[in-house]
Amino acid sequence: MPTEMSVHAKLSEIANNLWWSWQPELDDIFRRIDPQRFTELSHNPVQLLKEYPPDKLEKRAREEVLHSKINWAYRRFKEYLKNRSTWGDTHAGLLNFRPVAYFSAEFGMHESLRVYSGGLGVLAGDHLKSASDLGVPLVGVGLFYHEGYFSQTIDENGWQQETYTEVDPSTMPLAPVVGSDGKDIVISVETRHEKIFARIIKVMVGRVRLFLLDANIPQNTEENRKLTARLYGGDQRIRIRQELLLGIGGVRALHALGINPRVIHMNEGHSAFAGLEVIRHRMHHDGMTFNDALQETAATGVFTTHTPVAAGHDRFDDGLVDEHLGPMGDALGLDHHGLMALGRVDPQNHGESFCMTVLAFKTSRRANAVSNLHGVVSRKMWACLWPWRSEEEVPIGHITNGVHVNSWLATQMRVIYDRVLPAEWYLHTGEPEVWAGFEQVTPGELWETHQALKARLIVYTRNRLMKQAARKNASDAELNELSELMDPRALTIGFARRFAPYKRADLIVHDPERLARIANAANRPVQFIFCGKAHPADEYGKSILQRIVKLSESKEFKGKIVFLEDYDINFTRHLVQGVDVWLNNPRRPLEASGTSGQKVVLNGGLNFSVLDGWWAEAYDEMNGFAIGDGHIHVNNDIQDQRDAESLIEVLENQIVPIYYERDTDDLPQRWISRMKHSVRTLGWRYNADRMVMDYVTNTYIPAAGGTSAEMRMMP
């Protein structure tokens with residue numbers, strides 16, 4: 001008879017697949033083993049289990065009566081991996097033999113694996129999770145950053161400080177990929193002067209494999225070992241070398257593993273060099289000419305552009321391109337000007353730099369923006385690449401971003417979903433009829449559940465504030481004051497995103513005196529939780545952040561505005577699950593999509609946003625609140641003034657009155673109606689399952705040769 005697996009063996013197998021991170025019962029099991037230590041380890045079960053050898057874990061499992069829960073979770077895990085009756089099996093079987101390769105510079109799947117910085121990475125992580133749940137044949141390709149993105153602290157002057165900490169790969173859900181000889185599989189990419197080497201690391205995300213390239217190996221020079229140290233760190237030379245490794249190295253890694261992808265999906269332009277390696281491979285192995293190989297590669301290429309902000313599109317000068325792409329140009333039979341032309345809008349303009357976004361467009365026939373409005377903006381922005389077409393005919397469609405429901409839905413809210421939605425609703429989140437039952441939620445149940453989540457957020461916020469103050473040697477009296485800061489009954493508004501100037505984090509304080517009156521109203525108080533990071537090189541963004549920090553310390557806003565350091569996925573989870581209102585006020589139309597507000601929708605919070613990105617197509621006057629009317633003034637200062645006035649007007653005259661209007665049971669019935677309407681009408685549209693299904697139907701299958709249909713062009 002086979003030997004029964006130990007509790008430790010079962011949990012270790014589960015912990016080394018990030019599937020556990022979107023299963024609430026698994027999080028509960030790991031937490032119950034050692035609540036304090038699990039929190040200290042950034043909810044990392046791999047590291048926790050290293051501290052709990054089998055005998056110690058067995059004892060702890062008996063104490064907490066966990067055996068049946070663990071056995072049930074392990075059976076579910078194995079059934080999930082083996083299940084072939086999935087949406088993907090029905091709709092994407094064409095990709096089973098040769099999958100989609102999804103390239104991204106960052107992946108945000110869980111706070112314990114810090115290879116992400118923000119929204120782009122979290123979107124990529126949600127894409128992999130939904131591809132796994134749907135059973136879509138897909139592999140991810142990225143880089144493994146030993147120091148990840150920076151940790152943020154705020155100094156005595158309110159200025160952001162960045163620190164980097166190297167992680168220990170042995171404490172992560174990672175596995176080096178080895179060959180038949182037991183040694184690491186290593187790939188290389190040539191530059192004019194040397195080779196850059198990288199080993200391949202595998203991360204399991206449910207059914208999906210994610211391969212990360214790690215340059216910190218002995219074969220590299222000291223300089224090149226640091227290439228994959230930090231995400232978005234360093235100068236242009238480091239950036240092009242990272243992107244060389246991601247694109248060219250990523251395709252070579254897949255080939256070294258015996259994976260010949262049918263479709264290359266480039267998530268943003270950082271990975272655009274992948275197309276060049278595919279072209280080189282077709283020329284070398286199939287005897288194609290460059291032009292024929294380019295056409296074949298573009299036909300199987302998918303490109304998602306994420307930003308209308310110029311700084312978000314990487315550009316490199318002639319010297320950097322020749323040094324790093326010269327050998328590739330030689331292999332493609334291109335001289336320097338021919339190589340540079342691939343990244344230029346005007347191939348004949350020898351003064352134009354090399355743009356990764358331009359290269360991505362030229363090596364993919366199917367391109368999409370990430371919201372309807374972003375599609376309009378992108379077609380206008382890049383119409384120069386198709387001068388023979390009208391702007392409306394530019395071949396850039398859109399697939400609006402969505403979020404992975406099981407990753408962001410609070411456990412308490414899930415209890416409501418399980419009661420009012422159809423059985424196994426979580427397998428059909430992209431279908432609108434599945435969400436119709438949410439209107440049947442009783443107002444009292446929804447409100448009390450939300451209040452419990454908000455109370456949890458307030459406690460979490462207080463603890464974070466106390467830790468920040470303790471680091472600055474605050475007195476006991478100051479710590480006691482922080483322990484009672486913020487009011488669980490007050491209207492609570494969250495703002496959390498990168499502190500880029502166009503996101504206008506300080507728009508709410510355009511009229512500080514009026515805001516102070518609103519925030520400090522005796523019977524209808526309002527409080528704000530701010531968090532987010534500015535890019536290390538963005539001095540202006542840091543100055544905006546500093547202004548918010550200084551206001552939080554002022555007499556007028558003490559306890560009404562708080563700023564929390566070092567925003568990460570765990571804090572995102574608390575914030576989006578607990579706030580009453582999610583504030584987003586970018587300068588339209590510079591927010592390509594935005595997904596944080598979609599996470600709030602799932603948990604009953606209401607959005608309060610400029611009509612930009614996803615909100616421009618989602619807002620219907622009853623599912624949240626709008627800033628402005630969608631019109632754009634040519635003068636940014638005037639536009640900012642208009643939006644600031646609209647923001648404060650809507651806050652004071654719509655949001656606050658509706659929130660504090662209560663019936664005899666102390667329930668804000670009109671507010672609760674908006675909560676229910678928001679979940680029902682938006683939940684099915686703005687989730688990652690629907691998003692991935694759209695990618696499969698509109699890009700992957702056509703690119704794989706299943707149909708000749710063009711990328712869907714939305715009006």
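This is a short talk through the fold of one protein chain, from its overall shape down to a few strands, helices and one arginine.

Okay, hi everyone. Before anything else, please keep in mind that this is a predicted model.

Let's start with the whole chain. We have 28 helices and 20 strands here. The radius of gyration is 25 Å, and the globule rule gives 27 Å for 715 residues, so the chain is as compact as a globular protein of that length. If you lay the C-alpha trace along its principal axes, it spans about 80 × 75 × 55 Å. Of the 715 residues, 59% are buried. And if you take the contacts with a separation of 6 or more, 73% of them are between residues 24 or more positions apart.

Now to the strands, and to β7, residues 195-205. Which strands does β7 pair with? On the N-terminal side there's β5, residues 175-176, joined to β7 by two bridges and running antiparallel to it. There, A175 sits opposite K202. Then β6, residues 186-190, is joined to β7 by five bridges, again antiparallel, with V186 partnered by R199. Four residues make the hairpin connection from β6 to β7. Finally, β8, residues 208-214, runs antiparallel to β7 with seven bridges between them, and M204 faces R209 there. The hairpin of β7 and β8 has two residues between the strands, and G206 in that hairpin has a positive phi near 65°.

Next stop, another sheet. This one is open, with six strands in the order β17-β16-β15-β18-β19-β20, and the pairing is parallel. At the edges you'll find β17 (561-564) and β20 (624-627), each pairing on one side only. On average, neighbouring strands in this sheet are turned by 20° against each other, ignoring direction. Look at β15, residues 491-496, and β16, residues 526-531: six bridges hold that parallel pair together, and F495 is opposite F530.

What packs on this sheet? One helix is α19, which touches β15, β16 and β17, and its direction makes about 70° with that of β17. Another is α23, residues 569-578, touching β15, β16, β17 and β18 (581-584), with its direction at about 160° to that of β16.

Let's stay with α19, residues 443-471, since there's a helix partner to show you: α18, residues 411-420. Their axes come within 9 Å and cross at roughly 160°. Anything over 145 degrees counts as roughly antiparallel, and therefore that's how α18 and α19 are related. From α18 we have Q412, M413, I416 and R419, and they meet E445, L446, T449 and L453 in α19. That contact is made up of four nonpolar, two polar and two charged residues.

Two more spots to click on. In α16, residues 372-381, the buried residues are L373, H374, G375, V377, S378 and R379. What do they pack against? That would be β13 (366-369), β14 (396-398) and α25 (615-618).

And last, R239, which is in helix α10, residues 236-256. Is R239 buried or exposed? Its relative accessible area is 15%, and the cut-off for buried is under 20%, so R239 is buried. Leaving aside neighbours within four places in sequence, R239 is in contact with Y232, H270, D314 and F316.

That's the tour, thanks for listening.

Note on methods. Residues numbered from 1 in each chain as written. Predicted model: local features only at pLDDT ≥ 70, side-chain atom pairs only at ≥ 80, totals over all residues. Heavy atoms only, no water. Axes fitted to C-alpha atoms, helices over the stretch in contact; angles between N-to-C directions. Parallel < 35°, antiparallel > 145°, perpendicular 65-115°, else oblique. Contact = heavy atoms within 4.5 Å. Nonpolar A, V, L, I, M, F, W, Y, C, P; charged D, E, K, R; others polar. Pairing = 2+ DSSP bridges. Rg over C-alpha atoms; globule rule 2.2 N^0.38 Å. Buried < 20%, exposed > 50% of the residue type's maximum accessible area, 1.4 Å probe, protein only.
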